[in-house]
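The following exercises practise the reading of a protein model. Please examine the sequence and the structure before working through each solution.

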Amino acid sequence: MKISICIATQQLDLLDEQGQIIRQYLISSARKGTGQENGSFCTPLGKHIIRARIGDGQAVNTVFIKRRPTGEIYSPELGQQYPKRDWILTRILWLSGCERGFNRLGSVDTMRRYIYIHGSPDSVEMGKPGSIGCIRMRNSDLLELFDRVGAGTQVDIHE
């Protein structure tokens with residue numbers, strides 16, 4: 001399996017080993033566009049791998065902070081209580097760059113930037129940029145993807 005993420009179309013494609021599309025999902029990338037630098041709040045481009053799969057077995061809408069479940073389950077009421085929180089829900093696919101000097105090591109290291117593919121509240125609009133760097137997905141879509149990919153899966157993020 002491989003993952004291809006197109007920023008222009010705000011789409012994630014799950015591909016088989018022959019490069020055929022198995023499934024397509026709408027996503028939401030960074031509202032500030034693409035970029036590699038730490039602190040840019042942009043989505044990094046290039047070749048990546050899934051470094052870690054986090055949250056297996058957790059309930060849908062489990063809230064994560066720093067990759068750890070908080071014990072909270074997201075609800076619209078919780079969202080109103082903390083309107084400025086960047087909600088990371090359900091599962092996390094933590095990405096690591098593969099291109100030294102472009103998205104790996106130094107000030108451009110995707111993993112050190114904590115760039116994930118993660119779940120979002122149902123109210124978050126997909127198909128348009130809105131995150132602070134990560135790739136957001138609908139929880140139901142992320143659960144399906146999470147069950148199909150493992151650590152080491154290739155992820156290509158392109159314009």
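**Exercise 1.** Determine which partner Glu72 has in a salt bridge, and which parts of the chain the pair ties together.

*Solution.* The model is a predicted one. Step one is to find the partner: the side chain of Glu72 meets that of Arg85 in a salt bridge, with 3.0 Å from N to O. Step two is to place both residues: Glu72 lies in strand S6 (residues 68-73), while Arg85 belongs to the loop between helix H1 (76-81) and strand S7 (88-97), so the salt bridge ties together parts that are 13 residues apart in sequence. Step three concerns accessibility: Arg85 has a relative accessible area of 25% and is therefore partly exposed, since that class lies between 20% and 50%.

**Exercise 2.** Identify the salt-bridge partner of Glu144 and state how accessible each of the two residues is.

*Solution.* Side chains of opposite charge can pair when their charged atoms come close. Glu144 forms its salt bridge with Arg23, and the closest N and O atoms are 2.6 Å apart. This pair links distant parts of the chain, because Glu144 sits in helix H2 (residues 139-148) and Arg23 in strand S3 (residues 21-26), 121 residues apart. Glu144 is partly exposed at a relative accessible area of 29%, and Arg23 is partly exposed at 30%.

**Exercise 3.** Verify that Glu125 and Lys128 satisfy the distance rule for a salt bridge, and state how many salt bridges the rule gives.

*Solution.* The rule requires a nitrogen and an oxygen within 4 Å. The closest N and O atoms of Glu125 and Lys128 are 3.7 Å apart, so the pair qualifies as a salt bridge. Glu125 is partly exposed at 49% relative accessibility, and Lys128 is partly exposed at 44%. By this rule, the count comes to four salt bridges.

**Exercise 4.** Decide how the buried residues of H2 are arranged about its axis.

*Solution.* First, list the buried residues of H2: Asn139, Asp141, Leu142, Leu145 and Phe146. Viewed down the axis of H2, these fall within an arc of 150°, so they line one face of the helix. The general reason is that an α-helix has 3.6 residues a turn, so residues three or four places apart point the same way. Finally, the exposed residues Ser140 and Asp147 are carried on the face of H2 turned away from its buried side.

**Exercise 5.** Describe the largest pocket by volume and lining.

*Solution.* The volume of the largest pocket is about 380 Å³. Its lining comprises 19 residues, of which Asp86, Arg113, Tyr114, Ile132 and Cys134 are the closest to the centre. Sorted by class, the lining has nine nonpolar, four polar and six charged residues.

Conventions:
Residues are numbered from 1 along each chain as its sequence is written. This is a predicted model: local features need pLDDT of at least 70, side-chain atom pairs count only at pLDDT 80 or more; totals for chains, interfaces and linings use all residues. Side-chain values use heavy atoms; hydrogens and water are left out. Helices (H or I, at least four residues) and strands (E, at least two) are DSSP runs, numbered from the N terminus. Buried means under 20% relative accessible area, exposed over 50%, partly exposed in between (1.4 Å probe, protein chains only). The arc is that of the directions from the helix axis to the C-beta atoms. On a 1 Å grid over the protein atoms alone, a cavity is a set of points where a 1.4 Å probe fits but cannot get out, and a pocket is an open set with protein on both sides within 12 Å along at least five of seven lines; lining residues have an atom within 4 Å of a point. Grid points are joined across faces, edges and corners, and a volume is the space filled by probe spheres set on the points. Ala, Val, Leu, Ile, Met, Phe, Trp, Tyr, Cys and Pro count as nonpolar, Asp, Glu, Lys and Arg as charged, and the others, Gly among them, as polar.
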